[in-house]
Amino acid sequence: MKQAFMLLAAVLVTTAHGQCGMTTYVGIIQGCHFAPQANVSTNGGTPPYTIQVEKRNAITLAWSNVFTVSNDADGFVEMPGSLHDWDDTDRARATVTDAVNCVATWTESFGTYVHFSPVPSVSIDCVAGTSSISINTQLCPNGNLFSLDGGPLQNFLSYWSSTSPGTYRYNGVLSPGTHSLVMSDTFCSSAPASPTYCYEPTSISFALPAISAGDCGVNFRVRAGLDGALPTGTIMNDALRTAGLLPATEPYSALGYAYVGQAPGATVSPSLFGITGNDAIVDWVVLELRSASTPTTVVHSKAALLQRDGDVMDTDGDEYINMPVSPGSYYLAIRHRNHLGVMTSNSRALTLNPTSAMVDFYGANSGFWGTAPRVQRGTVWCMWTGDANSDGTVKYTGPNNDRDPILVAIGGSTPTNVVSGVYSTLDVNMDGQIKYIGANNDRDPILTTVGGSTPNAVRVQQLP
């Protein structure tokens with residue numbers, strides 16, 4: 001590394017005349033990733049020599065003694081401290097004193113070093129349907145070198161194109177996944193008082209998601225739990241799917257929900273209902289992005305699919321949700337046809353990259369709007385069940401309660417009747433049956449939600 005900067009040292013050499021005919025020649029060797037060095041040679045005088053190096057504060061202009069070296073008037077002298085200790089000053093002074101107190105001095109300017117941290121960003125070409133990586137960087141006088149994924153150093157401008165001042169986009173093809181980029185500052189040295197860009201860190205890691213033109217906007221991940229579908233454990237039941245009762249068309253338009261930004265009637269491929277195990281579909285849900293400044297305002301909403309392990313799947317089968325809105329901060333709310341909706345208590349920053357945001361209604365125990373917006377079942381946090389009439393409240397008694405429609409549905413006068421094979425909001429435990437009494441009935445969960453011992457209480461959905 002020292003030899004690599006010899007040419008720079010030659011440029012910076014200054015001759016300083018001193019007493020007794022003694023002269024000293026000193027050049028400063030600077031680099032991006034090591035402390036500056038003084039290349040000292042002295043002619044004349046009587047050894048041994050002592051070298052004192054001082055630096056000038058760039059603001060106060062005061063000189064301070066940095067270090068003294070004895071018997072070392074020739075060769076490299078490494079200045080103590082890191083480069084950051086030196087690059088805030090513009091001048092350094094060296095004084096060489098021989099054995100009989102003859103003195104030679106030298107004063108020299110430092111070059112300007114800028115420590116630069118490139119920041120990668122992922123973008124999508126909505127026409128071509130491809131994703132790409134861009135970075136903000138500065139070009140060195142002799143051009144940058146870079147290495148991608150551990151490959152050889154290559155000429156930067158041969159592979160990157162300028163998209164705006166200081167920003168460059170990679171022209172090659174990158175597969176989805178994690179990549180590493182190394183920016184080299186080997187040739188970034190320049191003349192004194194000219195900027196030299198030092199890249200920190202030297203290696204940058206970034207993830208290129210498997211996204212296409214259909215994912216322009218924001219992408220994020222969501223987890224949620226339904227109380228009615230989680231009698232025990234941490235994995236919800238998929239009885240509706242198993243019985244073939246899940247509709248291929250979203251059910252919320254028929255219940256009176258008005259989507260914002262998405263047409264009603266979204267459909268999914270029936271093949272998604274063939275998935276089994278923890279990723280099997282439990283039911284349809286609705287997701288809402290709301291304004292960061294006015295959380296009552298829905299900016300965009302769409303239907304999605306909830307899996308047994310709590311993950312929410314987009315209707316195209318992606319394990320993340322896409323909404324065609326500008327990147328920024330939004331509140332996120334989730335709704336279900338017979339559970340009470342939940343919303344985040346703060347807006348969340350959403351970007352193009354789906355790995356940048358996870359909104360966890362399922363496992364997180366805080367960060368949600370209102371008072372007791374969810375119920376804890378074991379280690380899982382769930383949306384409250386029991387909203388059989390989909391009006392945003394759960395009531396066991398009184399006008400518009402959620403219990404009476406269940407009794408009416410099974411026949412009223414015969415409370416032991418069971419209606420099987422249905423996809424209905426009255427099936428609050430989501431087992432494909434409507435029952436008023438007996439094991440696994442749909443009346444008891446309503447009573448549990450309102451408080452059990454106070455049947456006249458009302459549980460209200462915590463959405464602004």
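Reader: Why does Phe156 count as buried?

Author: Phe156 has 0% relative accessibility, and buried means under 20% relative accessible area (exposed is over 50%, partly exposed in between; 1.4 Å probe, protein chains only), so Phe156 counts as buried. The model is predicted: local features need pLDDT of at least 70, side-chain atom pairs count only at pLDDT 80 or more, and totals for chains, interfaces and linings use all residues. Residues are numbered from 1 along each chain as its sequence is written, and side-chain values use heavy atoms, with hydrogens and water left out.

Reader: What makes the aromatic pair of Phe156 and Trp160 stacked?

Author: Rings of Phe, Tyr and Trp (its six-membered ring) pair if their centres lie within 6.5 Å; planes under 30 degrees apart count as stacked, over 60 as edge-to-face and the rest as tilted. Phe156 and Trp160 lie 5.2 Å centre to centre with 10 degrees between the planes, so the pair is stacked. Trp160 is buried as well, at a relative accessible area of 3%.

Reader: Why is the pair of Tyr331 and Trp369 called edge-to-face?

Author: The planes of Tyr331 and Trp369 stand at 80 degrees and the centres at 5.9 Å, so the pair is edge-to-face. Tyr331 is buried at 11% relative accessible area, whereas Trp369 is partly exposed at 26%.

Reader: How do you know that Arg337 lies over the face of Tyr423?

Author: A charge sits over a ring if NZ of Lys or CZ of Arg is within 6 Å of the ring centre and within 35 degrees of the ring normal. Arg337 lies over the face of Tyr423, at 3.8 Å from the ring centre.
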